[in-house]
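Reader: I'd like a close look at one part of this model, the empty space inside it and what surrounds that space. Could you walk me through it in one go?

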Amino acid sequence: LQVLARDPLMLRLILAFDLLSFANGGLFSSAVLWMSASESSHGMMMNEQETGVAFTLFGISGFVFQVSCFKPLNKKYGLRIMLQAGALGLALGCFLLPLGQYVLAYNSALLGWARWVAVGVPMGIMGIGFMLALPILSTCISNATMADIQGLTQGVAQSSSSLLRGLGPFISGAVFSSFYDSNAPAISFAIEGAAYLSVFFIALSLPDKVEGASREPKQAANVDTARPAQSPQESQPPATKTAALQYEKSNESWGARVPRKGSSGSRSPMRGLVRNQTSTALEMMMGEGNKRRFSQLR
């Protein structure tokens, strides 16, 4: 824990993870209370079936985005941009949902399509943001932490987020009950929207380290192509007398297949150097008795 406390980046990531879990925990209870509340209590007067349909829209929008758009967008923009978009979408949905009461107040006869627009659009945006923010933030924590404390970091993050996730419904329910006659839905959603905005601003300050190795495929490819060509036998020199003879003969034949630049069939000057270096390496690996026998073979 002291190691994590000395890492400012990890503290910011865990704080963002906790705030996101807190807002997610309170969001669902606030949404259900708001949808089922009466018009006089600034609610949407929705019954149980209509509330279920609203949450179905929430789930479908997130699922469709996850299977169709997540991978190409993540490849193009990276984890930080996707995290910012997810947190901003959740905050936007929290601020749009309470505006539905003004649709009903303007004309109660528009309870059909207008109510579903006021509820469905914010719920769809929040469904996409929900599928973006939480898994990406967990990935950022994994990328930013040191390998030897990976388990410790994930354990601390999950433990603290579970505590805050359980605190979310408690806070949202207490606020809704305390301000029931004073536009309680707007206050509850404002608290959760402020938490999502805090995650958005933390995401703006994250360094390249949280992206991990997924954003550097070209660099890795360049490193691999820049390595000089080697014979298969050079990678693992043998240590026995019979294998040493085979190793030397294979290196001779391989060197003969690589002619010197500017010549058509002459012996390469690198051939003798390869043989000397190979012999020296083999002598270092062998004992004194094997060295004498190997010198006789040479």
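Reader: How much space lies in the largest cavity?

Author: About 50 Å³ of space lies in the largest cavity. Keep in mind that this is a predicted model. A search of the whole structure turns up two cavities of 30 Å³ or more, and the second largest holds about 40 Å³ of space. Let's take them in turn, and then look at what is around them.

A bit of background on the chain helps. There are 298 residues, and 37% of them are buried. The secondary structure is 13 helices and zero strands, so every element you meet on a walk from the N terminus is an α. Among contacts with a separation of 6 or more, 77% are between residues 24 or more positions apart.

Now the largest cavity. Its lining is made up of F22, A23, G26, G168, I171, S172, S188, I191 and E192. Three elements give two or more residues to that lining: α2, α8 (150–178) and α9. By class, the lining is a mix, with four nonpolar residues, four polar and one charged.

The second largest cavity has another make-up. Here the lining consists of L27, F28, A31, F55, F58, L97, M123 and M126. The elements that put in two or more residues are α2, α3 and α7, and α2 has the largest share, with three residues. Going by class, you get eight nonpolar residues, with no polar and no charged ones.

Some of those lining residues turn up again among the aromatics. F28, F55 and F58, which line the second largest cavity, form one aromatic cluster together with F130. The model has six aromatic pairs in total. One of them is F28 with F130, an edge-to-face pair at 5.8 Å centre to centre, with 75° between the planes. F28 sits in helix α2 (residues 8–36) and F130 in helix α7 (residues 113–144), so this pair ties together parts that are 102 residues apart in sequence. F28 itself is partly exposed, because its relative accessible area is 28%. Another pair is W34 with F189: the ring centres are 5.9 Å apart and the planes stand at 85°, so this one is edge-to-face as well. That pair also links distant parts of the chain, with W34 in helix α2 and F189 in helix α9 (residues 184–204), 155 residues apart. Both W34 and F189 are buried.

Next, the core. The largest nonpolar core has 50 residues, and the ones that touch the most other members are L13, M35, V119, I136 and Y196. At least two residues of this core come from each of α2, α3, α5 (79–96), α7 and α9. The biggest contribution is from α2, with 13 residues.

M35 is a good residue to zoom in on. Leaving out residues up to four places away in sequence, M35 touches M44, M45, M46, T51, A54, F55, V119 and M123. Two of those contacts, F55 and M123, bring us back to the second largest cavity, since both are in its lining. V119 is another of the M35 contacts, and V119 is also listed with M35 among the core residues that touch the most other members.

T51 shows the M35 contact from the other side. T51 is found in helix α3 (residues 48–68), and with the same neighbours in sequence left out, T51 touches M35 and M46. T51 counts as buried because its relative accessibility is 11%, under the 20% cut-off.

One last stop is G89, which also leads back to the second largest cavity. G89 is in helix α5 and, at 10% relative accessibility, counts as buried. Beyond its neighbours within four places in sequence, G89 is in contact with I125 and M126, and M126 is one of the residues lining the second largest cavity. G89 and G129 are 40 residues apart in sequence, yet their C-alpha atoms are 5.1 Å apart in space.

To pull the cavity story together: α2 gives two or more residues to the lining of the largest cavity, and also has the largest share of the second lining. The largest cavity has polar and charged residues in its lining, whereas the second largest has nonpolar ones and neither of those classes.

Note on methods:
Residues numbered from 1 in each chain as written. Predicted model: local features only at pLDDT ≥ 70, side-chain atom pairs only at ≥ 80, totals over all residues. Heavy atoms only, no water. Helix = DSSP H or I, 4+ residues; strand = E, 2+ residues; numbered from the N terminus. Buried < 20%, exposed > 50% of the residue type's maximum accessible area, 1.4 Å probe, protein only. Contact = heavy atoms within 4.5 Å. Phe/Tyr/Trp six-rings, centres within 6.5 Å; stacked < 30°, edge-to-face > 60°. Core = buried A, V, L, I, M, F, W, Y, C linked by side-chain atoms within 4.5 Å. 1 Å grid on protein atoms, 1.4 Å probe; cavity = no way out; pocket = protein on both sides within 12 Å on 5 of 7 lines; lining within 4 Å. Points joined across faces, edges and corners; volume = space filled by probe spheres on them. Nonpolar A, V, L, I, M, F, W, Y, C, P; charged D, E, K, R; others polar.
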